Every structure is written in structure tokens, then in C-alpha cells.
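Trainee: Before we discuss this model, may I ask how each descriptive term is justified?
Mentor: Please do; let us set each value against its definition.

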Amino acid sequence: MMRAIRDSDNLVRAVVFVRYPIIWRCRNDSLYDEILRIKSWKMEEQAKINRELQFGVPIYEVDLPDFATHKQALVDHFLALRKDSPGTKYSNQGGWHSSQNLHHSKEPSVQWLLQLIARSGVQCIRHAGNVPEDAQIVMASCWVIINEAGDWNMPHAHFPSDWSGVCYIDLNEKATKRTRADKDGDIIFFDPLPLGPQYRRPPTLTKTPVDGRVFVFPAYLVHMVAPHFENKPRIAVSFNFNLVPKQKA
Ligand SMILES: [Fe+2]
């Protein structure tokens, strides 16, 4: 499946074509059995996965195919969820944070999204290596965050999960449009070992997300979301993966 790997400075870019189904099993969790029955899923055509090594930490980037077709249904569903629940509090400063069981959703658009996130995530994690032979990769939690103008997420990590990620559903601005600061709405990753400028290594990495893009990274990696200042809500889905012992047949 790995078709090309090219090294350039600290960037390793891998183009991975996802063509084969990934078998999911999750103990005490029927989600994956159910979504595997969605036969209309077309990701096997091509999914491009990029990996960057930043501070020696792999950060994967995936653009979900056919995202635009499903975007509005996802936006409508998540805004409706917010109406029905006061939300909960984690790293969100002013934003709405759903419960962490979105991976149990029966909503068709969410199941479509989960399927792509799951398959992308497994590809990334397996590419990173160090997955024991007797382990399987399961999505342990998933949630949606809706940030209005001025809302942000304080620095945090997703430890003790093994891998984490975020998928962008609806953002306010094009990558080139800025409102108050050059990092509005960006995700910012923090170097786990910030040694300082004498090593010519900035202590943070800023990514400007776009709709339908997924980042997958080790759960220990501290990150934050800068505030945005536009009227339209910023919607993103986050998730955690764990490596757990395989179920006995
Ligand atoms: Fe996070």
C-alpha cells in the first residue's frame, strides 16, 4: 500500500493509497460491526495521507475524500446536538463540547465520518509502527466541539489514550483570510522538549486546518486551539484511539 516515501529536511511525506478494508473489532461495542455494513463507502478509491515529523513526533494529515457531499448533514446534526445538550467542560474555553460518546452515534452522516476517521486513523497508527502483534486499534472516544467567536481550547493532551486526532467539519475562513491575528482558529502543537532557539527549532507548530482534513498524532502531544473572531461557528470532531489486546476468537 505504501507507494512513495520522500525525505526532505525534517519532512517525511508518505503517500498511502488505502484500498483494502480494515477489520474492526471492539470489545463490548457494536459500533464497528454496524458501520462495516455501510456498503456505499467509497474511500477505497484513494486517500492521501501525509506524515510530517515535527520535534521527532509524527503528525499525520488526511484529506477525507468526498467530504463536501456530507458536510452539510454533519453541520446540521452537530448544531442540533448543541441545541439539545448544555455540553461539558474539558479544554474548551467558552465553546460547546459534546459528550465523548459520539462514536456510538446512529446518525448516518456521523457513521460515514466515523468510518473514514477509523480507517484513516488505523492506517496512520500502523504506519507509525510499534503496534504489538497481539493488539488491535479501537476508537475509545469521540466528541464534537463548536467554538463561537472568541472561544478557544487551552493547551492540553489526550493522555492516557495512545493516539488522538481531530477532523474539521466547518471552519470560518479560508486559509489566507485572517481577522485579528495570524493564528485565528489554528491548531498549535507544542514541542514536548522545547530546547530553545539556539537549536533553531521553534517550540510550537501551527497548522491552519481546512474542512474535511484530519490530523492524527500521539495522544501525549500537547496542543491548543487559538480563538477565532468570526460569526460562523467553528465545528471540529476529536477522537482517541487505544491499543488494546485482541479479542480471542
Ligand atoms: Fe485536543
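Trainee: What makes a residue count towards the buried share of the protein chain?
Mentor: In this predicted model, 33% of the 249 residues are buried. Each of these residues is called buried because 20 or more other C-beta atoms lie within 10 Å of its own.

Trainee: What makes E3 and E6 edge strands?
Mentor: The open sheet has 7 strands in the order E3-E4-E12-E9-E14-E7-E6, paired antiparallel. Strand E3 (49–54) and strand E6 (96–97) each pair on one side only, and they are therefore the edge strands.

Trainee: How do you know that E3 and E4 are paired?
Mentor: Pairing requires at least two bridges. E3 is joined to strand E4 (residues 57–63) by 6 bridges, so the criterion is met. The two strands run antiparallel, and Gln-54 stands opposite Val-57 in E4.

Trainee: Which strands does helix H2 touch as it packs on the sheet?
Mentor: Helix H2 (residues 67–84) touches E6, strand E7 (135–147), strand E9 (163–170) and strand E14 (234–245). The direction of H2 makes about 100° with that of E9.

Trainee: How is H2 placed against H3?
Mentor: Their axes are 9 Å apart, and the two helices pack at an angle of about 115°. His-70, Ala-73, Leu-74 and His-77 in H2 meet Ser-109, Val-110, Trp-112 and Leu-113 in H3. The crossing is left-handed.

Trainee: Why is Val-237 counted in the largest nonpolar core?
Mentor: Membership requires a buried residue of a listed nonpolar type, joined to others through C-beta atoms within 7 Å; Val-237 is a member, so it satisfies these conditions. Beyond four places in sequence, the contacts of Val-237 are Leu-102, Leu-113, Cys-142, Val-144, Val-166, Cys-167 and Ile-169. Among the 48 residues of this core, Leu-113, Cys-167 and Val-237 touch the most other members. Helix H3 (108–128) gives the largest share, 10 residues.

Trainee: Where is confidence lowest, and where is it highest?
Mentor: The lowest mean, 28, belongs to strand E2 (residues 11–16), and the highest, 97, to E9. The protein chain averages a pLDDT of 78, with 74% of the residues at 70 or above.

Trainee: What pLDDT do residues 1–45 have, and how many contacts does the model give them?
Mentor: Over that stretch pLDDT stays under 50, and the model has 62 contacts beyond four places in sequence for it. Where pLDDT is low, predicted coordinates should not be read in detail.

Conventions. Residues are numbered from 1 along each chain as its sequence is written. This is a predicted model: local features need pLDDT of at least 70, side-chain atom pairs count only at pLDDT 80 or more; totals for chains, interfaces and linings use all residues. A residue is buried if 20 or more other C-beta atoms lie within 10 Å of its own, exposed if 12 or fewer, and partly exposed in between; C-beta atoms are placed from the backbone. Helices (H or I, at least four residues) and strands (E, at least two) are DSSP runs, numbered from the N terminus. Two residues are in contact if their C-beta atoms, placed from the backbone, lie within 7 Å. Axes are lines fitted to C-alpha atoms, for helices over the stretch in contact, and angles run from 0 to 180 degrees between N-to-C directions. pLDDT is the predictor's confidence in each residue, from 0 to 100. A crossing is left-handed if the near helix is turned anticlockwise from the far one by less than a right angle, and right-handed if clockwise.
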